[in-house]
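Visitor: Could you take me through the reading of a fold, feature by feature, with the cut-offs stated as we go?

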Amino acid sequence: MNRYQSEAEIEIVVRGFEACETGADDFKHSDHLVVAVSYLHVMDREAALDRMRAGLLRFLDHHVGDTGKYSEEITVFWIDKIDEKLNELGPDVSLVEKCNAILATDLTDKKSGLRG
């Protein structure tokens, strides 16, 4: 079953994140992935990474008052993993299809590939 049915649903997640309206405890790993997919849908990797970094730092500063939890390594890892998967899907796939595809893959295991 697909999680998202429309771009409007995805936009709610993105706007809640960007405006810091979503509570810190309510912004789940899957929401991080959806925001990243939405950025990579409309911009290149570098721009998406810059926007994700800025958004995460703003979100942490707003909700925690400390950006120390931000990890550049993890942010780059996820942007690259998602970008790779989206490139496999191809350019003619809708934002809704991209989000649902990412959420349906093993990428949703936030520990995958992050073994040190």
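The dialogue below goes from the helices to burial, the core and the aromatic rings.

Guide: Before we start, note that this is a predicted model, in which local features need pLDDT of at least 70 and side-chain atom pairs count only at pLDDT 80 or more, whereas totals for chains, interfaces and linings use all residues. Residues are numbered from 1 along each chain as its sequence is written, and side-chain values use heavy atoms, with hydrogens and water left out.

Visitor: How many helices and strands are there in the protein?

Guide: Helices (H or I, at least four residues) and strands (E, at least two) are taken as DSSP runs and numbered from the N terminus. Here the protein has 5 helices and 0 strands, so that the order of elements from the N terminus reads α-α-α-α-α.Visitor: What percentage of the residues count as buried?

Guide: A residue is called buried at under 20% relative accessible area, exposed at over 50%, and partly exposed in between, with a 1.4 Å probe and protein chains only. Of the 116 residues of the protein, 41% count as buried.

Visitor: Which residues of helix H5 are buried, and what covers them?

Guide: Helix H5 (residues 95–104) is mostly covered, with 8 of its 10 residues buried, namely Leu95, Val96, Lys98, Cys99, Asn100, Ala101, Ile102 and Leu103. Their cover includes helix H1 (7–18), helix H2 (29–42) and helix H4 (72–89). Contact, here as elsewhere, means heavy atoms within 4.5 Å. Among contacts between residues at least 6 apart in sequence, 67% join residues at least 24 apart.

Visitor: Which residues touch the most other members of the largest nonpolar core?

Guide: In soluble globular proteins, nonpolar side chains tend to be buried together. A nonpolar core is a set of buried Ala, Val, Leu, Ile, Met, Phe, Trp, Tyr and Cys residues joined through side-chain atoms within 4.5 Å. The largest one in this model has 31 residues, of which Tyr4, Ile10, Val35 and Ile82 touch the most other members. H1, H2, helix H3 (45–63), H4 and H5 each supply at least two residues of this core, and its largest share, 7 residues, comes from H2. Leaving aside residues up to four places away in sequence, Tyr4 touches a list of residues including Ile10, Val34, Val96, Cys99 and Leu103.

Visitor: How many aromatic pairs does the structure hold?

Guide: Rings of Phe, Tyr and Trp (its six-membered ring) pair if their centres lie within 6.5 Å, and planes under 30 degrees apart count as stacked, over 60 as edge-to-face and the rest as tilted. The structure holds 4 such pairs; one of them joins Phe77 and Trp78 edge-to-face, at 5.0 Å centre to centre with 85° between the planes. Trp78 counts as buried because its relative accessibility is 9%. Ring pairs also link Phe17, Phe27 and Phe59 into a cluster.
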